[in-house]
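User: I should like to go through the strand pairing and helix packing in this chain. Please reason through each point before giving the answer.

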Amino acid sequence: MNQRQMQILDSLSNLEILTRSQIQTLHNTKSTRNTNFIMQSLKPYTRSIRLKENAYYLNKKGAELTGAKRQFRVNEQLTHKLMRNDAYIYFEPHKWLVEQEVKVMNISVKPDAYFVIGNSRHFLEVDNTQKWNVNVKKMKYYRKLKETNAFQQKYGSFPSIVWVIKHESRKDKLMKVADELELNINVYVHDEII
């Protein structure tokens with residue numbers, strides 16, 4: 001197995017599932033044909049599901065090879081995870097933690113990702129099919145987390161919240177709630193980051 005193949009398997013381990021085009025972008029495989037050829041060579045370590053294009057994830061053998069902490073299961077979160085991975089590709093963070101709970105005192109938030117670019121820290125939220133009241137509730141938890149001053153004391157400021165949404169219609173509503181709660185938020189429609 002060559003270095004590029006192992007890097008692709010490591011990406012699948014870290015990001016759980018990637019489409020052919022996401023792999024092509026992340027690993028600079030140049031063409032669809034070349035990416036398909038590479039992924040065919042990795043078939044003993046991966047599985048795929050057909051969406052608009054193939055999406056790949058590690059099978060048991062691939063998970064064991066890479067030391068993956070968890071093995072991906074196809075479920076209703078599939079599109080959500082692919083949107084999260086588009087954000088990873090777009091922002092190119094040097095630190096990326098997926099779905100890890102942030103707990104300060106008795107306040108707990110579980111962002112879709114926590115990431116760092118340079119000295120800037122960010123929470124990522126992906127809204128694919130989420131109910132509106134869940135978004136508002138989550139923002140209120142971020143406000144409570146901000147009020148603890150834990151991040152400000154440790155890093156100098158509270159992380160900005162990056163929200164990736166599927167529908168433009170939610171952008172202004174999210175911005176309004178964030179302003180009311182005095183949160184620094186950036187909202188991207190998914191099409192803007194792919």
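User: Which residue in β7 is the bridge partner of lysine 95?

Analyst: In this predicted model, β4 covers residues 95-98 and β7 covers residues 113-117. The two strands run antiparallel and are joined by four bridges. In β7, the residue that bridges to lysine 95 is valine 116.

User: What is the order of the strands in the open sheet of five strands?

Analyst: The pairing in this sheet is mixed. The strands β4 and β10 (185-189) each have a single partner strand, so they stand at the edges, and one side of each is left without a neighbour in the sheet. The order is β4-β7-β8-β9-β10.

User: By how many degrees are neighbouring strands of this sheet turned against each other on average?

Analyst: The angle concerns neighbours in the order β4-β7-β8-β9-β10. With direction ignored, the average turn is 20°.

User: At what angle to β8 does helix α6 run?

Analyst: Helix α6 spans residues 132-147. It lies across β8 (120-127), β9 (160-165) and β10. Relative to β8, helix α6 runs at about 160°.

User: Does lysine 138 count as buried or exposed?

Analyst: Lysine 138 lies in helix α6. Leaving aside neighbours within four places in sequence, its contacts are Val109, Lys110, Pro111, Glu125 and Trp163. Its relative accessibility is 18%, and the cut-off for a buried residue is under 20%. Lysine 138 therefore counts as buried.

User: Which strands stand at the edges of the sheet of three strands?

Analyst: This open sheet has the order β1-β3-β2, with antiparallel pairing. An edge strand here has a single partner strand, so one side of it is left without a neighbour in the sheet. The edge strands are β1 (17-19) and β2 (46-50).

User: What is the average turn between neighbouring strands of that sheet?

Analyst: The neighbours follow the order β1-β3-β2. With direction ignored, they are turned against each other on average by 25°.

User: Which residue of β3 is the bridge partner of leucine 18?

Analyst: Strand β3 comprises residues 54-58 and runs antiparallel to β1. Three bridges join the two strands. The partner of leucine 18 in β3 is tyrosine 56.

User: Which helix packs on this sheet and touches β1 and β2?

Analyst: Helix α2 (residues 20-27) packs on the sheet but touches β1 and β3, with its direction at about 90° to that of β1. The helix touching β1 and β2 spans residues 78-91, and its direction makes about 75° with that of β1. That helix is α5.

Terms used. Residues numbered from 1 in each chain as written. Predicted model: local features only at pLDDT ≥ 70, side-chain atom pairs only at ≥ 80, totals over all residues. Heavy atoms only, no water. Pairing = 2+ DSSP bridges. Axes fitted to C-alpha atoms, helices over the stretch in contact; angles between N-to-C directions. Contact = heavy atoms within 4.5 Å. Buried < 20%, exposed > 50% of the residue type's maximum accessible area, 1.4 Å probe, protein only.
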